[in-house]
Amino acid sequence: MVGFEKMFKTYGMIFAKILLSCLALWWVFRKVDYGHLFALFWQVDWCWLMVSFLVFNMSRWIAAYRLNLFFDQIGLSLSQVFNLKLYYLGMFYNFLLPGGISGDGYKVYFLNKHYQVRAMDLVYATLVDRVTGLFSLCWLLVMVAGYATCAVWLPISTGWYLGVMLLLWPIFYGVYSLVARRFLSLFFWSNVWAFFMQLSQVFVVICLLQALHEPLHMADYVFAFLISSMVSVFPFSFGGIGARELTFMYLQPWLGYDVHTGIMVSALFFLLTLLSSFPGIFFLALCPD
C-alpha cells in the first residue's frame with residue numbers, strides 16, 4: 001500500500017508538471033500568430049543553428065567539469081570522460097523522467113550504489129553545484145540588465161549596477177561559508193566555471209538570434225532568457241517547457257522585443273537541449289542497475 005501511494009505521488013507530480021506545461025503553452029499560443037512563428041522557423045539559418053548546438057554542448061561540458069570538482073571534494077574520483085558520459089545520461093533521464101532533478105537523482109542513485117559514496121554527500125555536492133550556478137546566473141543577470149531596455153525605466157546609474165555586481169560576491173561568500181563550508185576551497189574556481197557556463201548559454205541565445213535574423217534588442221532577449229532560466233529552475237513544468245515561453249511573453253511589453261522571436265528562441269533552445277540529451281541513450285549500458 002505504501003509503495004502504491006509513493007508511485008501515485010510520483011506519477012501524480014509528473015502528470016501535474018506536464019499539465020501545467022501544456023496549459024502554459026496553450027495560454028501562450030492563443031496570444032500569438034501561428035503564421036508568424038512558422039515563417040520564423042522556415043527562415044532559420046541552419047549554420048547558425050549548428051553553431052548554437054555546439055556552443056550549447058560546450059556549456060554542458062563546462063557544467064560537467066564543475067560538478068566533478070564537487071564530487072572530488074567528497075572523495076569521489078571520476079575520470080573526466082566517465083563523468084561527462086554520466087552527465088549526458090543525466091540529461092537523457094531529465095527527459096525520460098519528467099522533472100528538472102530527475103537526472104541528478106539518477107546520478108546520486110548510481111554513484112551511491114556503485115561507488116559506495118554516501119547518498120547525502122552526493123546530494124549535498126549536487127545541491128551546492130546547482131546553487132553556484134544560480135549565483136552566477138544572478139550575477140550575469142545584473143550585468144545584462146545595465147544594457148537592456150529595463151535600464152531606461154529603472155532610475156539606476158551604471159555605477160549602481162557595478163556596485164550591486166561587486167556586492168553580490170561577499171554576500172554569496174558569506175552564505176557559502178555558512179551552508180557549504182566543506183566546499184569553501186572551491187568557491188573561486190567553481191564560480192569561475194559557473195560564470196563561463198552561464199556566459200556560454202548567453203552565446204547560445206545570441207547564435208539563435210543570428211539564426212533568426214534578429215539584429216535588434218539583443219540585450220533584451222538575453223535578459224528575458226536569463227529570467228526564464230531562473231523561472232525554469234522551479235519544478236513546476238516539464239523541462240522548462242511553457243515556463244520560458246510565458247516569461248518571454250510577459251516581459252515583452254517591458255523590453256520591447258518581438259514576442260514571436262522570443263518564443264521561437266525559447267522553442268529552439270528546448271530543441272537544442274532535447275537533441276543534446278540523445279547521446280545519453282548510448283551511455284545506458286555504461287551504468288547498469
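This report describes confidence, salt bridges, one buried acidic residue, two unusual backbone angles and the cysteines in a predicted model.

**Confidence**

The chain has a mean pLDDT of 83, and 81% of its residues reach 70 or more. Confidence is highest in helix α3 (residues 46-73), with a mean of 96, and lowest in helix α1 (residues 2-29), where the mean is 57. Over residues 1-11 the pLDDT stays under 50, and for this stretch the model has zero contacts beyond four places in sequence. Where pLDDT is low, the predicted coordinates should not be read in detail.

**Salt bridges**

Side chains of opposite charge can pair when their charged atoms come close. The model holds five salt bridges, and the table gives some of them with their N to O distances.

| Positive residue | Negative residue | N to O distance |
|---|---|---|
| Arg-66 | Asp-129 | 2.7 Å |
| Arg-130 | Asp-104 | 2.7 Å |
| Arg-118 | Asp-121 | 3.1 Å |

Arg-66 and Asp-129 meet through their side chains in a salt bridge. Because Arg-66 lies in helix α3 and Asp-129 in helix α6, this pair ties together parts that are 63 residues apart in sequence. Arg-66 is buried, at 4% relative accessibility, and Asp-129 is likewise buried, at 8%.

The salt bridge between Arg-130 and Asp-104 links distant parts of the chain, with Arg-130 in helix α6 and Asp-104 in helix α5, 26 residues apart. Here Arg-130 is partly exposed, at 38% relative accessibility, while Asp-104 is buried, at 13%.

In the pair formed by Arg-118 and Asp-121, Arg-118 counts as exposed, at 54% relative accessibility, whereas Asp-121 counts as buried, at 11%. Salt bridges with shared partners also join Asp-104, Lys-107 and Arg-130 into one network.

**A buried glutamate without a salt bridge**

Glu-214 sits in the loop between α9 and α10. This residue is buried yet has no salt bridge, and the nearest side chain of opposite charge, that of Arg-244, is 18 Å away. A salt bridge requires a side-chain nitrogen of Lys or Arg within 4 Å of a carboxyl oxygen of Asp or Glu, so Arg-244, at 18 Å, does not form one with Glu-214. The side chain of Glu-214 does reach the backbone nitrogen of Leu-216, at 2.9 Å, and a polar contact of 3.3 Å joins it to the side chain of Tyr-221. Leaving aside residues up to four places away in sequence, Glu-214 touches Leu-209, Tyr-221, Asp-258 and Thr-261.

**Positive phi angles in loops**

Just before Glu-214 in the numbering, His-213 has a phi near 60 degrees, a positive value in a residue other than glycine. His-213 belongs to the loop between α9 (187-211) and α10 (218-233), and it is partly exposed, with a relative accessible area of 49%. Gln-116, which is not a glycine either, has a positive phi of about 50 degrees. Gln-116 is found in the loop between α5 (102-115) and α6 (119-145), where it counts as exposed at 64% relative accessibility.

**Cysteines**

A disulfide is a covalent bond between the sulfur atoms of two cysteines. A search of the whole structure finds zero disulfides. As for individual cysteines, Cys-138 is partly exposed, at 26% relative accessibility, while Cys-207 is buried, at 8%.

How values were computed: Residues are numbered from 1 along each chain as its sequence is written. This is a predicted model: local features need pLDDT of at least 70, side-chain atom pairs count only at pLDDT 80 or more; totals for chains, interfaces and linings use all residues. Side-chain values use heavy atoms; hydrogens and water are left out. Helices (H or I, at least four residues) and strands (E, at least two) are DSSP runs, numbered from the N terminus. Buried means under 20% relative accessible area, exposed over 50%, partly exposed in between (1.4 Å probe, protein chains only). A disulfide is a pair of cysteine sulfur atoms within 2.5 Å. Lys and Arg count as positive and Asp and Glu as negative; His and the chain ends are not counted. A polar contact is a pair of N or O atoms within 3.5 Å; within protein, one must be able to donate a hydrogen and the other to accept it, and residues adjacent in sequence count only if both atoms are side-chain atoms. Contact means heavy atoms within 4.5 Å. pLDDT is the predictor's confidence in each residue, from 0 to 100.
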